[in-house]
Amino acid sequence: MDKSLRACVYFRQFFILLAFFAYHSQFAQKTKDQKEDKNSTEDIKKVIDSIADADQELSYQHFLKKGNVKKGLFNVYNLEGDYYFEIPDSLVARDLLVVNKISSVPYALNGHGLNKGMAFETKLIRFYKDTVLNKVWVKTINPRVQSPTSDAITRSVKANFGESIIEEFDIKAKNTDSTSAFIKVNKIFNGKEKSFSDILANTGLGGSIKTELSILEEVKSFPENIVVKSLLTTSVSEGGGPALPLSIGVTTNIVLLPIDIMKPRFADKRIGYFGTPMDYFSDIQQEVETRELITRWRLEPKPEDIKRYNEGVLVEPKEPIIYYIDPSTPPQWVPYIKKGVLNWNKAFEEAGFKNTIQVKVPGKEDPDFDVDDVRYSVITYAASENQNAMGPSVVDPRSGQILESDIIWWHNLMKGLHSWIRVQTGPIDPEARANTFSNELMGEAIRFVSSHEVGHTFGLKHNMGASHSYPVDSLRSRSFTSRMGGTAPSIMDYARFNYVAQPEDNVIDITPEIGVYDKYAIAWGYRWIEDKTAQEELPILNQWIRKHEDDPLYFYGPQQAEVIDPRSQSEDLGDDAVKASEYGLQNLKRIIPNLLNWTHEEGQDYYKASKLYKAVIDQWERYNHHVMANIGGVYLNNTVYGDGKDSYVPVPATQQERALEYLIEHAIKPQKWLFTPEITDKIFAVRDAPDGERYYSPVSMLRIYQTNVIYDLVDTDRIMRITENQVLEKKDNPVFTEQYLFDQLYDAIFEKTQKGKSLDMFDRITQKNYVDVLTVDRNKLLEKTKENTVSENSKQFKNIHFSYLPRVSDAGTNKRAALEKVLSLLKKKKKRGDQATRAHYRDLISRIEYNLNH
Ligand SMILES: [Zn+2]
């Protein structure tokens with residue numbers, strides 16, 4: 001939402017400019033046209049004649065004579081501006097995949113995060129020839145339901161999971177022996193029909209295509225695919241403003257899928273691969289078998305190498321995986337991006353393949369190179385303010401085979417990397433303190449992102465649990481971090497830069513590398529198994545996992561929408577969040593006095609210092625989250641029969657107590673070192689909001705951040721998990737209780753009140769925040785409970801309900817008791833302290849009484 005606002009503001013200015021230029025060029029065009037008036041009338045007449053001609057007597061001969069043909073999967077004819085496919089009978093009923101991608105966007109959509117290279121829609125289609133009605137029908141099917149051809153149930157599968165018609169074409173001509181059909185295809189690519197591509201619905205833009213402002217620009221035909229380029233125009237009006245035209249370049253690929261379908265591999269919850277769902281029906285079963293196929297490239301040894309491969313000799317795969325680097329990539333980053341990709345070759349050796357991955361910069365030997373052509377996997381460089389990167393793939397839905405992958409690399413990603421590196425490693429690396437880094441330092445970060453994104457294009461999901469396997473103190477060891485490759489055994493974790501290491505440790509390898517888990521995951525997904533079906537492979541795959549199940553380096557911790565398992569968090573490091581965060585805080589405290597030094601640029605304002613200040617606050621907040629997740633945390637293990645593990649294990653009570661102690665000390669008590677340092681006479685923290693820079697005043701910032709921490713800590717879901725954990729905890733183990741939590745908070749926040757001392761402004765802020773959170777939260781709790789909907793995000797991992805009907809749980813009772821305890825103290829002490837303190841007490845008393853009575 002934020003982004004669109006800004007985009008819109010800029011877009012209006014841009015639009016006015018554009019109109020200004022358009023007026024001039026139109027004017028110039030007219031004078032030129034007038035001179036050529038005579039010629040153009042004759043041309044138009046010719047065109048009209050030929051169109052009439054074409055409509056009346058389209059014949060094979062006519063196409064051969066007048067049509068401009070491009071031979072390939074289908075021969076494509078351009079006849080007076082119309083496009084025709086010649087569909088041969090050999091392709092009738094074959095599986096084809098339609099892949100739609102964005103190939104250009106105007107300014108306003110760039111701001112929405114839409115960029116060249118993004119695939120927005122894929123569907124499986126088949127062409128059928130109808131000689132009776134003289135038509136070609138196009139049907140689509142969801143291929144997720146399968147059954148053996150010879151089984152009786154297959155008849156029913158066909159009837160119940162059939163194809164749907166999405167398009168029809170008149171057959172305009174046939175070849176001499178009638179083994180092909182000519183169809184005119186303009187309508188499916190010029191925005192008139194949505195059957196093959198529906199950019200507006202699929203990108204959430206809505207509205208409709210203005211066909212008179214849309215063009216079918218080009219059709220190319222290659223042996224295994226057709227590439228069609230269109231420019232489609234719509235208009236949007238935001239916030240009651242004038243309608244703005246938006247033209248989006250769309251590339252539609254029609255790709256022939258292999259008859260010889262790749263053997264799928266079934267997914268396993270204990271290892272992180274993206275998946276494609278599949279349902280198997282058969283006569284012998286008593287229940288339909290539902291599986292997920294992992295998405296992966298088709299890597300097989302060449303027939304002549306099979307024997308050696310099976311003996312354990314490294315061989316080259318039949319088809320290597322080739323990545324092309326977008327020619328628009330700034331040249332100084334190309335070697336680092338390349339390195340990030342090629343480093344994966346080591347991982348594929350664990351699967352028995354060598355030289356699996358190649359990186360090319362498109363040159364003369366690739367005359368057909370096109371970023372939007374699905375035969376090319378491209379690392380696309382997007383000029384954009386977006387600070388991100390992504391690695392999506394085009395997948396054969398019948399087998400999970402990755403046909404092509406693209407990485408989108410947004411230019412301003414480097415801004416984000418710079419900020420992280422400076423705030424996380426500036427204290428231990430003088431190089432990482434500057435406003436601009438050396439190419440080597442930035443290049444190393446780019447290498448890391450390149451490896452991570454390429455990892456996604458091999459099918460790998462995030463492994464947010466990987467970093468948990470390294471002991472915190474090992475992250476301070478120069479030899480350990482150099483030997484083990486940075487901060488985690490998986491580059492698919494969000495384990496960024498080593499914030500744990502202290503200046504005296506002299507750690508140098510601060511950036512993650514492809515690690516033990518990554519190699520194991522690639523071996524598991526890609527090792528080729530001869531002569532076994534996907535079902536028959538299952539025991540082997542299970543053994544490969546069981547072999548390492550007790551080694552933390554092989555742990556897979558899925559990404560979580562809401563963090564329940566504190567081991568699997570993003571941006572955290574090490575096996576102990578409290579200890580890691582304490583080291584991190586020591587480093588942050590080294591930055592604050594240096595905010596101006598590190599960012600110094602003569603004659604410049606303090607914007608960069610203000611940004612760095614905000615980055616320090618964000619990093620402090622990250623540590624709070626990492627520690628917080630331990631309170632009411634549950635280790636969620638992906639277990640199977642035979643491994644002897646527990647599926648649900650509460651975080652040990654002592655660990656929860658340490659976490660609470662950390663939060664009270666470093667997040668709830670007023671953090672004056674962070675929010676009111678001496679530097680605030682020169683700089684306030686700044687955030688780049690969509691409507692411009694937004695500066696934060698120190699005291700109100702302290703208050704807001706403190707509220708957030710307390711709110712999060714006594715969150716009803718968390719309190720209810722603390723209750724559940726008391727049941728899950730093994731007999732005789734100590735338990736962490738809600739009572740303990742509220743008592744600790746009470747003692748810390750009301751310590752001075754208990755002693756009858758006067759409160760300063762920060763003490764009063766803290767007490768007000770605590771009372772406010774409890775009162776507001778109690779009100780919310782009493783509202784009618786809505787059932788939580790399951791979002792796409794929460795489906796990523798076990799969707800466990802810890803908070804059914806919170807209204808009647810002990811959570812509300814505990815919060816009421818906590819307020820009553822405060823009230824009784826305040827009533828006793830209301831005459832103690834200075835005037836401001838007594839006024840504060842009277843105010844709190846009336847607020848609590850009002851809340852308890854309503
Ligand atoms: Zn990622």
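UniProt annotations may be inferred rather than shown by experiment. With that in mind, the UniProt record, an unreviewed entry, places the feature "domain: DUF5117" at residues 117-302. The same kind of record lists "domain: EcxA zinc-binding" at residues 436-755, again in an unreviewed entry.

The structure shown is a predicted model. Its mean pLDDT over the protein chain is 88. Of its residues, 91% reach 70 or more. Residues 1-56 are another matter: their pLDDT is below 50. Beyond near neighbours in sequence, this stretch has 30 contacts in the model. Where pLDDT is low, the predicted coordinates should not be read in detail.

**The two annotated regions**

| UniProt feature | Residues | Helix | Strand | Distance between end C-alpha atoms |
|---|---|---|---|---|
| domain: DUF5117 | 117-302 | 9% | 42% | 32 Å |
| domain: EcxA zinc-binding | 436-755 | 49% | 5% | 52 Å |

**Domains and core**

A domain assignment divides the protein chain into domain 1 (52-256) and domain 2 (714-854). The C-alpha centres of domain 1 and domain 2 lie 59 Å apart.

The largest nonpolar core holds 165 residues. Y84, I183, W409 and L663 touch the most other members. Helix α18 (residues 607-628) supplies the largest share of this core, 9 residues. Both domain 1 (52-256) and domain 2 (714-854) give residues to this core, so it lies between them. In soluble globular proteins, nonpolar side chains tend to be buried together.

What does I183 contact, leaving aside its neighbours within four places in sequence? I183 is in contact with Y84, F85, I87, V136, F169, I171 and K172. Y84 is thus both a contact of I183 and, like I183, among the residues that touch the most other core members.

There is also a second, separate core of 11 residues. Among its members are I102, I209, L232 and L246.

**Helix α9**

Helix α9 spans residues 334-342. Its buried residues are Y336, I337, G340 and V341. Why do these buried residues line one face of the helix? Seen down the axis of α9, they fall within an arc of 140°, so they line one face. An α-helix has 3.6 residues a turn, so residues three or four places apart point the same way.

The buried residues of α9 have several packing partners. The strands are β16 (321-325), β17 (357-360) and β18 (377-382). The helices are α10 (344-349) and α12 (439-457).

Notes: Residues are numbered from 1 along each chain as its sequence is written. This is a predicted model: local features need pLDDT of at least 70, side-chain atom pairs count only at pLDDT 80 or more; totals for chains, interfaces and linings use all residues. Helices (H or I, at least four residues) and strands (E, at least two) are DSSP runs, numbered from the N terminus. Domain bounds come from an automatic or database domain assignment. A nonpolar core is a set of buried Ala, Val, Leu, Ile, Met, Phe, Trp, Tyr and Cys residues joined through C-beta atoms within 7 Å. A residue is buried if 20 or more other C-beta atoms lie within 10 Å of its own, exposed if 12 or fewer, and partly exposed in between; C-beta atoms are placed from the backbone. Two residues are in contact if their C-beta atoms, placed from the backbone, lie within 7 Å. The arc is that of the directions from the helix axis to the C-beta atoms. pLDDT is the predictor's confidence in each residue, from 0 to 100.
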